[in-house]
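This report covers strand pairing, one helix and the nonpolar core of the model shown below. Cut-offs are given where a term first appears.

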Amino acid sequence: MEILFLGTGAFDYQPGLEGQYRDKFDCDCRRSSSVLVDGRLMIDCGDYALNSLAIAGVKKKQIADLLITHTHRDHCRPDLIEKLAAAVPGGLNVWCHESAAAFFPESAHYAVHSLRCGEPEQIGGFSVSALYANHRTERTEERPVHYVLEKGGKKIFYGCDGAWFLTPTFYALMHAGFSLFVFDGTVGDYDGDFRICEHNSIPMVRKLIVSMKPLGVFADNCKIYISHLAPSLHAPHRETSRKLAAEGILVAHDGLVETV
Ligand SMILES: [Zn+2]
Ligand SMILES: [Zn+2]
């Protein structure tokens with residue numbers, strides 16, 4: 001599988017996105033978090049997702065399925081999904097947890113499909129499972145989710161947004177042998193930030209990795225990433241990247257392509 005990080009930021013966008021970096025990627029200018037897998041399955045479509053697709057040279061019409069993790073606007077903008085869907089011949093399939101389905105307005109261009117945790121779906125050649133995330137939105141009935149994608153014997157985990165893992169999710173990750181694992185890395189390398197109630201800090205990711213490794217969560221040579229970094233809470237990308245590489249943690253940036 002090939003994963004393209006379209007955006008790797010949290011909600012505190014840098015001014016450069018409207019200025020010098022409007023039409024290009026830069027590792028220190030992070031757009032709304034989103035990924036594209038094998039050029040056809042996208043996860044999340046928030047504030048800057050269409051901008052990222054254009055910069056990456058991805059044609060909207062090649063996207064057949066869109067998975068939504070939750071309805072915060074840095075992950076889900078129905079008006080932008082409408083624009084994306086209008087360019088997809090035959091329409092776009094939007095997939096979300098059943099608790100988020102009512103969020104979407106009626107559309108002539110996309111159909112909304114509900115997912116349930118613990119009930120994998122076959123979506124465009126991928127087996128897709130939703131797992132509950134420790135995160136919340138203002139819509140109290142909504143249950144944000146992480147996603148597991150499986151194809152050709154490889155597994156990818158995408159966990160933005162969420163802090164730690166809820167117990168049923170943690171059990172589902174055990175012995176899974178992921179080839180690529182994406183942690184929420186919103187908060188930087190320090191303690192004392194209130195956002196850890198629903199996002200990870202780097203010290204939390206460290207603790208998770210050492211606890212999860214012996215439980216078979218990661219396959220040998222698993223590529224372990226953090227994404228959804230809040231620029232205001234992190235050192236510059238190259239500094240963070242250099243420091244964490246020594247610990248086996250990779251730092252995603254907008255436009256990065258990884259293959260497993
Ligand atoms: Zn977010
Ligand atoms: Zn969120």
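Seven strands form an open sheet in the order E7-E8-E9-E10-E11-E12-E13, and the pairing is mixed. Its edge strands are E7 (121-123) and E13, each of which pairs on one side only. Helices (H or I, at least four residues) and strands (E, at least two) are DSSP runs, numbered from the N terminus; two strands pair if DSSP finds at least two bridges between them.

The structure is a predicted model, in which local features need pLDDT of at least 70 and side-chain atom pairs count only at pLDDT 80 or more, while totals for chains, interfaces and linings use all residues. Residues are numbered from 1 along each chain as its sequence is written, and chains are lettered from A and ligands numbered from 1 in the order in which they are written.

The strand pairs described here are antiparallel, and the table gives one bridge partner pair for each of them.

| Strands | Bridges | Partner residues |
|---|---|---|
| E1 (residues 2-7) and E14 (residues 257-259) | 3 bridges | Ile3 and Glu258 |
| E1 (residues 2-7) and E2 (residues 34-37) | 4 bridges | Leu4 and Leu36 |
| E8 (residues 126-132) and E9 (residues 145-151) | 6 bridges | Leu131 and His146 |

Strand E1 thus appears twice, pairing with E14 and with E2. E1 is mostly covered, with 5 of its 6 residues buried. A residue is buried if 20 or more other C-beta atoms lie within 10 Å of its own, exposed if 12 or fewer, and partly exposed in between, with C-beta atoms placed from the backbone.

Helix H5 (residues 237-245) has His237, Thr240 and Leu244 buried. These three lie on the same side of H5 because they cover an arc of only 70° around the axis, the arc being that of the directions from the helix axis to the C-beta atoms. On the other side of H5, Arg238, Glu239, Arg242 and Ala245 are exposed. The buried residues of H5 pack against strand E13 (250-251), which is an edge strand of the open sheet.

The largest nonpolar core has 66 residues, of which Val35, Leu66, Val94, Tyr147 and Phe181 touch the most other members. Such a core is a set of buried Ala, Val, Leu, Ile, Met, Phe, Trp, Tyr and Cys residues joined through C-beta atoms within 7 Å. Strand E11 (residues 178-184) supplies the largest share of this core, 5 residues. Leaving aside neighbours within four places in sequence, Val94 is in contact (C-beta atoms, placed from the backbone, within 7 Å) with Leu66, Ile68, Ile81, Phe104, Tyr110, Ala111, Val112 and His113.

Note on methods:
Contact = placed C-beta atoms within 7 Å.
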